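Dear colleague,

I am passing on the structure we spoke about, with some notes on what turned up when I went through it. Please look at it yourself before reading on.

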Amino acid sequence: MKPEHILIVEDEEDVASILSEYLINEGFITSCLADGNEVVPFVKQTQVSLILLDILLPGMNGIEICKVIRVFSNVPVIMLTARVDEIDRIIGLEIGADDYVCKPFSPREVVARVKAVLRRYRTRAVTDEEQARQKIYLNKSTLKLVVNDNPIHLTPTENAIIELMLSKPGHVFSRSKITQKLQKCVANSQTRTIDFHIKNLRRKIWEHLPEEQIIQSIYGEGYKLAL
Ligand code: CA
């Protein structure tokens, strides 16, 4: 596996070199920059895995740098700060940093943070990528169905049906199986038939995916999701 490239932005030379030394010992490769104005051009040209970013720097300061980087990249950023009151700014300004470490810090702690943020980032990247590949998925945080990047409003019943079907694409769910699921998670789900809800779901999905029949009827058996 290619070693991960960590960019250290720090104007105190001894701090930068000790961080670099620890990271190299852990199998990373590093680059160091001391001037805030050099960071954005560097990040645009060089693929880095993570940035350790000091706040007080000659030239552009760390907070400004982080904001500018966020416009074009989601590379993980850990802020390095010497002042406790800066932490509130880092969090309050929502500059898009992934974590922060207070000075004075132990290099070991920084290495541990770097590893943790990279792990989190990798998991996030896989999830985002998987979702982008999917034409249709349930966004667990907004509880909306997303079809071809369009969030769609569903009734609780429709939501429960599609959640069940998405749990096993290609599997045929009988009407009684779907009814069972609805009884468990939706109040008053009995008032309409399953076919009625499926019809509405199909219509909502069809608006954004007109070429495909995502929910298919299997005669005498039930419904399945064709993905
Ligand atoms: Ca500094």
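How many aromatic pairs does the count come to? The count comes to zero aromatic pairs by the rule applied here, and please keep in mind, for this and for everything below, that the model is a predicted one. A ring does take part in another kind of arrangement, however, since the charged end of lysine 44 sits over the ring of phenylalanine 72, at 5.1 Å from the centre of that ring.

As to the overall picture, the protein chain has eight helices and ten strands, and 41% of its 227 residues count as buried. Among the contacts in the chain with a separation of 6 or more, 57% are accounted for by residues 24 or more positions apart. The accessible surface of the protein chain comes to about 13,100 Å², and carbon and sulfur atoms hold 51% of that area.

The calcium ion deserves some attention. Its protein donors are Asp11 (OD), Asp54 (OD) and Leu56 (O), which lie 2.2 to 2.4 Å from the ion, and the spacing of these donor residues in sequence is D-x42-D-x1-L. Aspartate 11 and leucine 56 link distant parts of the chain, 45 residues apart: aspartate 11 belongs to the loop between β1 (5-9) and α1 (13-25), whereas leucine 56 belongs to the loop between β3 (50-54) and α3 (62-72). Aspartate 11 has a relative accessible area of 34% and is therefore partly exposed, while leucine 56, at 52% relative accessibility, counts as exposed because the cut-off for that class is over 50%.

Turning to the interior, the largest nonpolar core has 25 residues, and those with the most contacts inside it are Leu145, Ile162, Met165, Ile178, Ile205 and Ile215. At least two residues of this core are supplied by each of β6 (136-139), β7 (144-147), α6 (156-167), α7 (175-185), α8 (194-206) and β10 (222-225), with the largest share, six residues, coming from α6. Isoleucine 205 may be a useful place to start when viewing this core, and if residues up to four places away in sequence are left aside, isoleucine 205 touches Ile136, Leu145, Val147, Ile162, Ile214 and Ile215. There is also a second, separate core of 19 residues, which includes Val43, Ile63, Ile65 and Ile95.

With best regards

Technical notes:
Residues are numbered from 1 along each chain as its sequence is written. This is a predicted model: local features need pLDDT of at least 70, side-chain atom pairs count only at pLDDT 80 or more; totals for chains, interfaces and linings use all residues. Side-chain values use heavy atoms; hydrogens and water are left out. Helices (H or I, at least four residues) and strands (E, at least two) are DSSP runs, numbered from the N terminus. Buried means under 20% relative accessible area, exposed over 50%, partly exposed in between (1.4 Å probe, protein chains only). Contact means heavy atoms within 4.5 Å. Accessible areas come from the Shrake-Rupley method with a 1.4 Å probe; for residues, only the protein chains shown count as cover. Donors are N, O and S atoms within 2.8 Å of the metal (3.2 Å for Na, K and Ca); water is not among the atoms, so sites may look incomplete. Rings of Phe, Tyr and Trp (its six-membered ring) pair if their centres lie within 6.5 Å; planes under 30 degrees apart count as stacked, over 60 as edge-to-face and the rest as tilted. A charge sits over a ring if NZ of Lys or CZ of Arg is within 6 Å of the ring centre and within 35 degrees of the ring normal. A nonpolar core is a set of buried Ala, Val, Leu, Ile, Met, Phe, Trp, Tyr and Cys residues joined through side-chain atoms within 4.5 Å.
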